[in-house]
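The exercises below go through one protein structure, each with a task and a worked solution. Keep the structure in view while reading.

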Amino acid sequence: MQTLRDALEQAQQRGVAIGHFNVSDSVLLKAVFTAAREQNVPVLVGASEGERAFMGVNQLAALVKSLREEFDFPIFLNADHTHSLASAEAAARAGFDAIVFDLSALPLEENLRQTREAVIALKAIRPSILIEGEIGDIGTGSEIHEAMPDPSKRLTTPEEARRFVETTGVDVLAPAVGNMHGMSKSMVRGETNKHLNIERIAEIKKAARVPLTLHGGSGTDDNDFRKAIGAGINIVHINTELRVAWRRALEASLAGKPEEVVPYKILPSVVESVKEVAKSRLRLFNETSRLSAA
């Protein structure tokens, strides 16, 4: 069966990106998996420490494993934004395919030291697991904000990227390139979009020479996505867009069925709404013709 490393290598060769979607309940998982199957493309399911606490680390791993094995389909599981070695080790033991070991809030030297230690410890538990490190400032929380902070203040430099990868031994790097977690209210209304530093992505890719992840993808301009993937982004994270679709569809379903109490009669429209968002992103990320990164 295809591994996540295999899927990443194939995506890089084809000039496409793997879509990564966070889930915190079975509705989101069902929607994302259905979207990927309909598009017939590999998909990464992610869960932050909070999402894993809600669903259960072992329970989520078992659900994703059952989908992969029953349908013989390349769905992979990532422990997103993991801030402690203990939490990362729990995910590795549960069978996660990848872990984002995120100490980007620490000074760079401390991030380097602890991430290197984590890579060694986690590979000892599960040698095939992919470890992702993060440097730069992309904010916290996939939520709705009044306004987004200026993402250009702490972009990752190519030299930082090169040194981080060489020192820590991470398999994947998450840089700050104009991306930011969450969405502003104007983004939710479709009035504004995030814009990425495409030139910086290309410079980091050349320096780091490993797969790159774009966190905080929700609300990003479509052409910026195309250019970013052309410049070297291999994984794109989407979370807030799914959460907005989930809430809107749930509210509409409850309003339209005020007396209904049966979950499986209320939730299908929510699955469908989230699925359509995931499908639209998967189509975009898997386009084979790219705009110039220039």
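**Exercise 1. Find out which residues cover the two faces of strand β2, and decide whether the strand is enclosed or open.**

Solution.
Step 1. Take the two faces in turn: Val43, Val45 and Ala47 lie on one side of β2, Leu44 and Gly46 lie on the other, and all of them are buried. The model is a predicted one.
Step 2. Count along the strand. Five of the five residues of β2, residues 43–47, are buried, so the strand is largely enclosed by the rest of the structure.

**Exercise 2. Name the strands that pair with β2 and the bridge partners of Leu44.**

Solution.
Step 1. Strand β1, residues 18–22, pairs with β2 in the parallel sense over four bridges. Here Leu44 is the bridge partner of His20.
Step 2. Strand β3, residues 75–82, also pairs with β2 in the parallel sense, over five bridges. In β3, the partner of Leu44 is Phe76.
Step 3. Look at the connection from β1 to β2. Together with helix α2, residues 26–39, these strands make a right-handed β-α-β unit.

**Exercise 3. Follow the pairing from β3 through β4 to β5, and give the handedness of each crossover.**

Solution.
Step 1. β3 and β4 pair in the parallel sense over three bridges, and Asn78 stands opposite Ala98 in β4. The chain passes from β3 to β4 through helix α5, residues 85–94, in a right-handed β-α-β crossover.
Step 2. β4 pairs with strand β5, residues 130–134, in the parallel sense over four bridges. The bridge partner of Ala98 in β5 is Leu130. From β4 the chain crosses to β5 through helix α6, residues 108–125, and this β-α-β crossover is right-handed.
Step 3. Check the side chains of β4, residues 98–101. Ala98 and Val100 point one way, Ile99 and Phe101 point the other way, and all are buried.

**Exercise 4. Identify the residues that touch the most other members of the largest nonpolar core, then describe the surroundings of one of them.**

Solution.
Step 1. Start from a general tendency: in soluble globular proteins, nonpolar side chains tend to be buried together.
Step 2. The largest nonpolar core holds 73 residues, and Ile99, Leu173, Ile201 and Leu242 touch the most other members.
Step 3. Take Ile201. Leaving aside neighbours within four places in sequence, Ile201 is in contact with Val177, Leu196, Leu212, Ala228, Ala231, Gly232 and Ile233.
Step 4. Another core, of twelve residues, lies apart from the largest one; among its members are Val16, Ala98, Leu130 and Val172.

**Exercise 5. Describe helix α10: its start, its buried residues, what covers them, and what follows the helix.**

Solution.
Step 1. At the start of α10, a side-chain oxygen of Asp221 reaches to within 3.0 Å of the backbone nitrogen of Asn223.
Step 2. Within the helix, residues 222–231, the buried residues are Asp224, Phe225, Arg226, Ala228, Ile229 and Ala231.
Step 3. Their cover includes α9, β9, β10 and α13.
Step 4. After α10 comes Gly232, with a positive phi near 135 degrees.

**Exercise 6. Compare two acidic residues, Asp171 and Glu203: is each one buried or partly exposed?**

Solution.
Step 1. Locate Asp171 in the loop between α7 and β7. Its relative accessibility is 14%, under the 20% limit, so Asp171 counts as buried.
Step 2. Find what surrounds Asp171. Not counting residues up to four places away in sequence, Asp171 touches Arg5, Lys123, Ile129, Leu130, Ile131, Val210 and Pro211. One of these, Arg5, makes a polar contact of 3.3 Å, side chain to side chain, with Asp171.
Step 3. Turn to Glu203, in helix α9, residues 198–208. With a relative accessible area of 33%, Glu203 is partly exposed.
Step 4. Relate Glu203 to another part of the chain. Glu159 is 44 residues away along the chain, and the C-alpha atoms of the two are separated by 9.3 Å.

**Exercise 7. Summarise the whole protein in numbers.**

Solution.
Step 1. Secondary structure: 13 helices and ten strands.
Step 2. Burial: 53% of the 294 residues are buried.
Step 3. Contacts: of those with a separation of 6 or more, 75% are between residues 24 or more positions apart.
Step 4. Surface: the protein exposes about 13000 Å², and carbon and sulfur atoms supply 51% of it.

Conventions: Residues are numbered from 1 along each chain as its sequence is written. This is a predicted model: local features need pLDDT of at least 70, side-chain atom pairs count only at pLDDT 80 or more; totals for chains, interfaces and linings use all residues. Side-chain values use heavy atoms; hydrogens and water are left out. Buried means under 20% relative accessible area, exposed over 50%, partly exposed in between (1.4 Å probe, protein chains only). Two strands pair if DSSP finds at least two bridges between them. A crossover is right-handed if, with the strands pointing away from the viewer, the path from the first strand over the helix to the second runs clockwise. A nonpolar core is a set of buried Ala, Val, Leu, Ile, Met, Phe, Trp, Tyr and Cys residues joined through side-chain atoms within 4.5 Å. Contact means heavy atoms within 4.5 Å. A polar contact is a pair of N or O atoms within 3.5 Å; within protein, one must be able to donate a hydrogen and the other to accept it, and residues adjacent in sequence count only if both atoms are side-chain atoms. Accessible areas come from the Shrake-Rupley method with a 1.4 Å probe; for residues, only the protein chains shown count as cover.
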